Every structure is written in C-alpha cells, then in structure tokens.
Amino acid sequence: MSQRQSVPLVNLDHCNQQQADAVKELEQLFCLDKNTLLNIVDSFRNELVAGLADDRSSDLNMIPTYVTGYPTGDEKGTYLALEIAGMDIYACQVKLKGDNGKLAINQYQYKIPQDLASGDDFAVLIDYVVECISDFLMRVGTQDLFIYPMAVSFGFAIKQTRLDTGRILSLGYGFSYPNGVGVDIVELMHERLRLKGLPIKIVATANDSVCTLLAHAYQHPTTRLGIVHSLGTNCAYYEPVKNVTKLKDSSVTRDADMIMNTEWCNFGSSRRTLPCTWFDRKLARESINPQFHVFEKMTTGIFLGELVRNVLIYLVDREILFSGESSETLNTAHSFDTSYMYVCEADDSDVLEDTRIVLEDMLDLSRTTVGDRQVVKKVCELIGTRAAVLVGTAIAAIVQHMTSTGIGMTDEGYAISISGSIYEDYPSFHPRVCKTIKDLIPDHIAVKLSVGVVKHSRIVGAAIVAMMAEKIAATAIQS
C-alpha cells in the first residue's frame, strides 16, 4: 500500500484510548496516499481537456479570457483599474514605469452600503460604483482631452465573449438583483459612465485569478499560473489558443497563448473525482449550492472551519470530546472560524493554552482537558493539510498539462503566483502546497518552479490587463 501523506505529529500523550482510536479513524478518512493524489491529477487533466472542447462535458468551465501574450516588465503608461470584492470597491491608478517591472500605485477603497446589496434595479448599484470612480478621479486628478483606459475585476461570475464584453452569470457575495443576471456589465458601466461624463473607456474585464497572474508577471515575466485562495478559489493559466477548440472567435490569433479561467472551484462536483468523506457530504448538503463547488468546499476559508466544527460535534456525540458536552456556540453553523485553525495548529505550549482560549472563551465550552485540546489540534491539522494537499495536487495537474503542451518553461524557470487570505494567513499552508507539487511532478520540472505569494492588491493585475488590452488592440491594427 502507498504511504499516506505526512501530517505534522501532534503529541497525544494526554489522550485516553478512545480519543487515540478516534484520531486514527480520522487519519484514515482525511490522509490521502500518493496513488489517490495521482488519480486526482489524471482526473483533473481529463476534465481540463474536456472543458477546452465543450462547456457541457466538464466540471471545469474553462472560460477564455481573451488576454493573449505576456507582459515583459518594460511597458509604460498610466492605467486605471477597478475591483469589486465582496462589499468593497477598490479604485486604483497604476503608473507602469518599465525598467523590469517598476510601478507606482495610487489606490482608494470604498464600501458598498448594505442597503445596496439588493434591490429591483441593478443599475442603482452600478451608479454607486460610478460615483466612487468619479470621487477617485477627483482625488488623483485628470488631464483634459484624455480618455483613461480602465480594466474592471468583478467578484461576480462573468461569461466573457470578448476582452471587453461579459455577461453576468451569477452575482454571489450576498448581492441580490433579479435583473442583474444576464447583463452585459461593460455595456451597462459605459452607459452610466457617459451619463456621469467621466473620461473613461473600459477596455477589459478580468477575474481575480487573472489579475493575480498578471500582477506577478509584470515584475516576474516567467509567471504562467495565477491562483486565488481565500473565501473561494480559482486558477488561471496560459493555454495555446489552438487547443481551445470550443473557441470559434476568428478574431483571436490561433498561434497565440491565451489566459484561461479554469473556475476550478467546481472540480469534482458531478463525477466523484475527489475523496469526499461523510463530513464533506454533510457540509455540501447543508450549503446553499449542494451540487456545486465541491473542490472549493474541501479547501477554502469559508468551509474549512465548518468542517472542523462538524468533526468536533461528531466526536462530542460519541462522548469522545468535552465529556460529551457541547455549547450553544459550537452547535451554531460556522461558529468555528477558520482562523481558529491557525491558532490551534501554531499552539506549542505544554497545555495548549491558546487552544483552550479558542474552545472555552470563543466557543463557550465549560471545561476542556489537555487531551481534548490535543484532539482538536489534530483535527485542525488533518483538515488543513488535506486542503493544502488538494490545492497542490490541482496545481501539479495544470503544470503537467502545460508542460505537455509546451507552455510555461523558460530558461529562467517557471513562476506560479498565489494570493488570498487563506494562503497568506495560514502559516503551514504554503509549505504543504509546495511539498505536494514537488512530490507529484518530475524532479527536472520541480527544480525550475518557483511559487510567489502576491501580497499587494490584485487590482494591480487589473491595470496590467488594461495595458495588455492596448497591446492586443495595437497588434490587431498592425495585422
């Protein structure tokens, strides 16, 4: 039998035999052996190829972004970018200075009022966004007779049909506007910008994973993958246009490389290609979209803490934890915040004092033993490790696919960019992801890979998209 993945050892010397047996049972459920991971790699690659050919035959949507070519770091110009992320609006002016990726950023943040999260007319929300853009231009100043190119990055699911055209598939993030779905978001924004008299032309739309890729690529031109891992998860990468057989747009050069939006959050949703446990199926059944986003529910921030909570409740019901006593707080869905996992994993005190604070002060449990805390720490490590291993496995699958198509590797190597609160804030996540990638791809490829964490705002990547849109348009005119 293949050796199971390594999980950091938790000292269980204060656990009773029943608790130790329960931990072994959970290890069997959540630890994935290498054969399982290799099968996931194969399944992911098959889904990826199927998605390039047909929207309906794969869990991966594989949406063309119409962003072709690569930034060099020598481009210059001033570009505007707008990002809507949850209830936050970020407006940014980026001055690209060239010289191997030098740039200057001027950015402001705005809050969407809660009363604009829903309504009968989606244009009301867009008008507020335009008011924020107007305020931003007042702050940074504008030149007369100059139209500013802008790229926009929305937290909505958008089906792009051109670089500057996209229809909203779903709003998500707590927004509810019945007339918002199906809207051409760029057309609507242009209409409202004209009514306001603002000197802006939206030249591109891009999602957060594309922005993550390009934000890193301007300063590290070997970047070929961009990943966002936070409340949700997604990945974008470069694919030869000729391989995207479902793309019928004759205006796109067939010998170019295009960034593809995988929407990998949905991987494993219809084909049972992921090793779901009973706890995963319970969480999925109780979610707002039970049949979708299985990969996301096994790996991302909004769900990891809830998985831990479900396991703890299961152990309480078997009278293995907390003497069989729960609390009203622990019984409440999503009460075990994912950030608690970071605290428990990092707790190296003899009596796991930080873990005690989480359990007794935050979750209102009356009294916990050191043995209880050791089990809780172990549960956090098991679920956190599995999440990182699955992300690393998906990355390894894309790397293998790109290598087989001749994309990615340069003399300087090959860079992967990652952003998102889970990736940045969970201390053990990054090394676990990197170890998994290394274990699953050939050594001669692994030694040339680098993984960069994008800590500055992804909105810089949206400005790079605006720059790339200008380059693509100029190339089209010349040809």
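**Exercise 1. Positive phi in the loop between α8 and α9**

Task: Decide whether His-334 is buried, partly exposed or exposed, and then treat Glu-319 in the corresponding way.

Solution. His-334 has a relative accessible area of 47%, and since the partly exposed class lies between 20% and 50%, His-334 is counted as partly exposed. The structure is a predicted model, and its backbone at His-334 shows a phi near 65°, a positive value in a residue other than glycine. His-334 is placed in the loop between α8 and α9, and Glu-319 is found in the loop between α8 (301–317) and α9 (338–346) as well. Glu-319, although it is not a glycine, has a positive phi of about 60°; its relative accessibility of 57% makes it count as exposed, the cut-off for that class being over 50%. As background, most residues other than glycine have a negative phi.

**Exercise 2. Two hairpins that involve β3**

Task: Work out how β3 pairs with β2 and with β4, and which residues with positive phi occur in the two hairpins.

Solution. Begin with β2 (residues 76–85), which runs antiparallel to β3 and is joined to it by 10 bridges. Ala-85 has Asp-88 of β3 as its bridge partner, and in this hairpin, with 2 residues between the strands, Gly-86 adopts a positive phi near 65°. Next, follow β3 to β4 (residues 102–111), where the pairing is again antiparallel and extends over 10 bridges. Here Gly-98 stands opposite Lys-102 in β4, and in the hairpin, which has 3 residues between the strands, Asp-99 takes a positive phi near 55°. Finally, consider the surroundings of β3 (residues 88–98), which is mostly covered, with 9 of its 11 residues buried.

**Exercise 3. The open sheet and its edge strand β1**

Task: Establish the strand order of the open sheet, and explain why one side of β1 and one side of β13 are left without a neighbour in the sheet.

Solution. The sheet consists of 6 strands in the order β1-β11-β10-β9-β12-β13, with mixed pairing. Because β1 and β13 (449–453) stand at the edges and each has a single partner strand, one side of each lacks a neighbour in the sheet. From one strand to the next, the twist averages 25°.

For β1, the pairing with β11 (residues 257–261) is antiparallel over 3 bridges, and Pro-64 stands opposite Met-260 in β11. All 6 of the 6 residues of β1 are buried, so this strand is largely enclosed by the rest of the structure. Its side chains divide into Ile-63, Thr-65 and Val-67 pointing one way and Pro-64, Tyr-66 and Thr-68 pointing the other way.

Elsewhere in the sheet, β9 (residues 223–229) and β10 (residues 233–240) run antiparallel and are joined by 5 bridges, with Gly-226 opposite Ala-236 in β10. Helix α11 (residues 370–405) lies across β9, β10, β12 (414–419) and β13, and runs at about 5° to β10.

**Exercise 4. The second largest pocket**

Task: Determine which element supplies the largest share of the lining of the second largest pocket.

Solution. The pocket has a volume of about 710 Å³, and its lining comprises 24 residues, with Leu-163, Ala-469, Ile-472, Ala-473 and Ala-476 lying nearest its centre. β1 (63–68), β8 (200–205) and α15 (459–478) each supply at least two lining residues, and the largest share, 8 residues, comes from α15. By class, the lining holds 12 nonpolar, 6 polar and 6 charged residues.

How values were computed. Residues are numbered from 1 along each chain as its sequence is written. This is a predicted model: local features need pLDDT of at least 70, side-chain atom pairs count only at pLDDT 80 or more; totals for chains, interfaces and linings use all residues. Side-chain values use heavy atoms; hydrogens and water are left out. Buried means under 20% relative accessible area, exposed over 50%, partly exposed in between (1.4 Å probe, protein chains only). Helices (H or I, at least four residues) and strands (E, at least two) are DSSP runs, numbered from the N terminus. Two strands pair if DSSP finds at least two bridges between them. On a 1 Å grid over the protein atoms alone, a cavity is a set of points where a 1.4 Å probe fits but cannot get out, and a pocket is an open set with protein on both sides within 12 Å along at least five of seven lines; lining residues have an atom within 4 Å of a point. Grid points are joined across faces, edges and corners, and a volume is the space filled by probe spheres set on the points. Ala, Val, Leu, Ile, Met, Phe, Trp, Tyr, Cys and Pro count as nonpolar, Asp, Glu, Lys and Arg as charged, and the others, Gly among them, as polar. Axes are lines fitted to C-alpha atoms, for helices over the stretch in contact, and angles run from 0 to 180 degrees between N-to-C directions. Contact means heavy atoms within 4.5 Å.
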